[in-house]
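User: I'd like a close look at one spot in this protein and then a walk outwards from there. Please keep it chatty, as I'm at the bench.
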Amino acid sequence: ADLRHIRNFAIIAHIDHGKSTLADRLIQLCGGLSDREMKDQVLDSMDIERERGITIKAQAVRLSYQAKDGVTYELNLMDTPGHVDFAYEVSRSLAACEGSLLVVDASQGVEAQTLANVYQAIEAAHEIVPVLNKVDLPAADVPRVKEQIEDVIGIDASEAVEISAKTGLGVPNVLEALVQRLPAPEGNIDGPLQAMLVDSWYDSYLGVIILIRVKHGRIKRGMKIRMMQTGAVHQVDKVGVFTPKMVETGELHAGQMGFLMAGIKTVADTQVGDTITDDAKPALQPLPGFKPSIPVVWCGLFPIDSSEYEHLRDSLAKLRLNDSSFDFAPENSAALGFGFRCGFLGLLHMEIIQERLDREFDLDLITTAPSVVYRMHMTNGDVKELHNPADFPDPVKIATIEEPWVKATIMVPDDYLGNILALCTERRGEQVELTYVGNRAMVVYRLPLNEIVFDFYDRLKSISKGYASFDYEVEGYTEGDLVKVSILVNAEPVDALAFMAHRSQAEYRGRQICERLKDLIPKHLFKIPIQAAIGGKVIARETIAAMRKDVTAKCYGGDISRKRKLLDKQKEGKKRMRQFGKVEIPQTAFIQALRMG
Ligand code: GTP
């Protein structure tokens with residue numbers, strides 16, 4: 001074993017700049033797959049990832065490359081997700097490598113996420129090799145993009161590798177650059193075992209699979225290992241690497257990465273960031289860990305058909321097996337019945353989970369409006385986290401409320417800058433910086449997370465004709481003038497419609513939802529007031545007029561069978577109605593009131 005002949009690297013890029021295409025090329029050139037096995041984009045293994053073209057699960061692939069110096073190198077490629085929601089997964093993937101390929105689309109240039117990812121790589125002390133991709137495109141402008149990389153990121157781009165991952169042009173030069181420019185891993189092969197638990201997932205045939213990077217020592221089949229944080233001890237069944245096929249090697253040593261299986265039943269027993277050591281000869285210290293990923297966006301998920309509650313619970317549990325960053329707990333709503341409060345890393349993460357529940361588990365769900373986690377300082381000194389507006393405590397017991405803020409970086413062509421600034425101001429943004437990169441503006445804003453979880457990204461894309469790119473990181477909590485807005489139908493509060501807002505926006509948003517409900521709730525025999533209120537104070541009001549009496553009478557004429565049908569239909573409709581005091585609200589009204597967000 002010679003560490004000098006190993007290189008561990010990640011590929012970082014903005015979405016669509018060609019990371020997966022390049023990874024496939026590298027695997028094709030020196031991986032363990034035949035051409036027939038070489039499906040498109042082998043690294044994106046889940047269907048949804050493939051359809052949406054986004055990479056979620058980080059995986060490692062071992063490549064074997066004979067370099068120009070005649071030596072055969074072991075190259076371990078760590079895949080990283082490309083979307084802001086998964087920034088945390090990027091950081092732990094980077095911690096397992098010594099270097100990164102920075103892929104930039106030569107026809108597009110540096111984007112907001114390129115920056116976010118490359119800063120993480122710099123923080124992880126990576127050697128960075130810039131790669132200009134898509135040089136086959138007529139719009140590619142290599143000198144301009146090189147200049148951008150130097151100006152904006154501040155790394156030397158004079159020796160950037162120019163490639164077309166699509167045609168294969170220049171790709172062998174990437175391999176040579178990896179070998180020559182990235183450092184070899186350092187570690188003590190004969191020391192006590194210290195392996196970083198990079199990721200784990202559940203496979204229905206194989207059980208829990210753990211992705212590791214060995215820093216010191218060796219891990220072997222049959223060995224008893226100990227998780228240093230949880231203290232759990234397991235016997236190693238299998239050790240090996242992905243080529244990307246799973247290949248057992250029986251051992252991994254310092255400097256290498258690969259998988260291990262140890263008869264572990266659930267992913268909950270593995271903690272990402274934990275250090276794995278030899279139970280018989282443990283290391284004295286764990287490796288520096290990474291912070292756990294914390295869900296920042298929460299919403300309620302309720303089955304439309306209440307008999308599907310158990311099915312929903314089982315499905316959520318199954319999804320969690322493969323995704324420990326998502327969280328859920330039972331929730332009970334007067335409007336929507338039994339369901340779950342679920343926490344996600346961001347909006348895209350939320351959409352992906354919802355889509356999987358729909359597609360893989362065939363569940364019809366109502367989703368309540370997403371909400372961030374507020375921190376409430378109570379008058380008695382307690383600090384409480386609020387995940388659900390329905391749990392808002394008695395306001396007299398609250399001293400102050402804090403909300404999470406983010407630092408957002410937006411890059412946009414000059415023409416659309418005005419629109420972007422207006423949007424950020426409307427969302428309570430505070431400008432931090434405004435600079436230019438060629439004819440593109442780069443704006444940095446502080447924004448409340450609550451203002452971007454709803455539709456910020458969609459708005460940004462539509463007002464910039466798709467040209468703006470956006471990235472954010474959560475900065476911390478700041479006190480704000482925040483209130484809970486309740487929605488009352490005929491003087492009864494409807495829990496599923498309550499939301500948190502900044503006081504300056506409470507009235508506008510309260511009015512919006514009252515206007516919608518006015519059209520969504522059918523007329524009754526009496527007048528129905530719909531109100532939005534902060535505590536006892538009404539801030540918006542609409543009224544549904546009473547129905548004229550003769551309208552119902554008409555329905556009950558005709559022959560008996562027709563009447564029967566009508567009654568059955570009404571019963572059917574009943575199931576889908578929720579009673580609030582004297583008012584019946586169709587479930588569809590909730591769905592629509594919430595969907596229009
Ligand atoms: P995510 O997985 O979403 O992060 O995207 P990615 O960065 O992995 O991008 P991907 O490899 O999926 O490529 C995005 C698109 O660019 C695809 O349609 C590719 O076919 C195309 N593409 C990738 N490399 C090249 C290239 O060198 N030239 C041209 N013309 N197109 C390319």
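Does Phe 470 count as buried or exposed, and what is its relative accessibility?

Analyst: Phe 470 counts as buried, with a relative accessibility of 8%. The cut-off for buried is under 20% relative accessible area, so 8% puts Phe 470 on the buried side. Keep in mind that this is a predicted model.

Now for the company that ring keeps. Searching the whole structure turns up eleven aromatic pairs. One of them is Phe 326 with Phe 344, a stacked pair at 5.8 Å centre to centre and 15° between the planes. Phe 326 sits in the loop between helix H7 (309-322) and strand E18 (327-333), while Phe 344 belongs to strand E19 (residues 337-344), so this pair ties together parts that are 18 residues apart in sequence. Both Phe 326 and Phe 344 are buried.

Your Phe 470 pairs with Tyr 457, and that pair is tilted: 6.1 Å centre to centre, with 40° between the planes. Tyr 457 comes from helix H11 (residues 456-463) and Phe 470 from strand E27 (residues 469-479), so here the pair ties together parts that are 13 residues apart in sequence. Unlike buried Phe 470, Tyr 457 is partly exposed, with a relative accessible area of 39%.

Back to Phe 326 and Phe 344 for a moment: they belong to a cluster linked by ring pairs, along with Tyr 309, Phe 328, Phe 338 and Phe 340. Rings here also get charged visitors. The charged end of Arg 375 sits over the ring of Tyr 477, 3.9 Å from its centre, and the charged end of Lys 582 does likewise over the ring of Phe 526, 4.7 Å from its centre.

H11, the helix that carries Tyr 457, leads to a neighbour. The buried residues of H9 pack against H11, as well as against strand E24 (398-413), strand E25 (430-437) and strand E26 (440-448). In helix H9 (residues 417-426), those that are buried include Leu 417, Ile 420, Leu 423 and Cys 424. Looking down the axis of H9, its buried residues fall within an arc of 125°, so they line one face of the helix. Just after H9, Arg 428 takes a positive phi of about 65°.

Stepping further out, there is an open sheet of eight strands, ordered E11-E10-E16-E7-E8-E15-E12-E13, with antiparallel pairing. Its edges are strand E11 (233-235) and strand E13 (246-248), each pairing on one side only. On average, neighbouring strands in this sheet are turned by 40° against each other, direction ignored.

E15 is a good strand to zoom in on. Five of the five residues of strand E15 (residues 257-261) are buried, so the strand is largely enclosed by the rest of the structure. Side chains in a regular strand alternate between the two faces of the sheet. For E15, Met 257, Phe 259 and Met 261 are on one side, Gly 258 and Leu 260 are on the other, and both faces are covered. Strand E8 (residues 207-216) pairs with E15 in the antiparallel sense over four bridges, with Leu 211 opposite Phe 259. Strand E12 (residues 238-242) is joined to E15 by three bridges, also antiparallel, and there Val 239 has Leu 260 as its bridge partner. Elsewhere in the sheet, strand E7 (residues 194-203) and strand E16 (residues 275-278) pair antiparallel over two bridges, and Met 196 stands opposite Thr 275.

Another open sheet has six strands in the order E2-E3-E1-E4-E5-E6, this time with mixed pairing. Strand E2 (60-66) and strand E6 (161-162) are the edge strands there. Strand E1 (residues 6-13) and strand E4 (residues 99-105) run parallel and are joined by five bridges, with Ile 12 opposite Leu 102. Helix H5 (residues 142-153) lies across E4, strand E5 (127-133) and E6, at about 150° to E5.

And the whole picture? The protein chain has 15 helices and 34 strands, and 53% of its 597 residues count as buried, Phe 470 being one of the buried ones.

Key: Residues are numbered from 1 along each chain as its sequence is written. This is a predicted model: local features need pLDDT of at least 70, side-chain atom pairs count only at pLDDT 80 or more; totals for chains, interfaces and linings use all residues. Side-chain values use heavy atoms; hydrogens and water are left out. Rings of Phe, Tyr and Trp (its six-membered ring) pair if their centres lie within 6.5 Å; planes under 30 degrees apart count as stacked, over 60 as edge-to-face and the rest as tilted. Buried means under 20% relative accessible area, exposed over 50%, partly exposed in between (1.4 Å probe, protein chains only). A charge sits over a ring if NZ of Lys or CZ of Arg is within 6 Å of the ring centre and within 35 degrees of the ring normal. Two strands pair if DSSP finds at least two bridges between them. Contact means heavy atoms within 4.5 Å. Axes are lines fitted to C-alpha atoms, for helices over the stretch in contact, and angles run from 0 to 180 degrees between N-to-C directions. The arc is that of the directions from the helix axis to the C-beta atoms.
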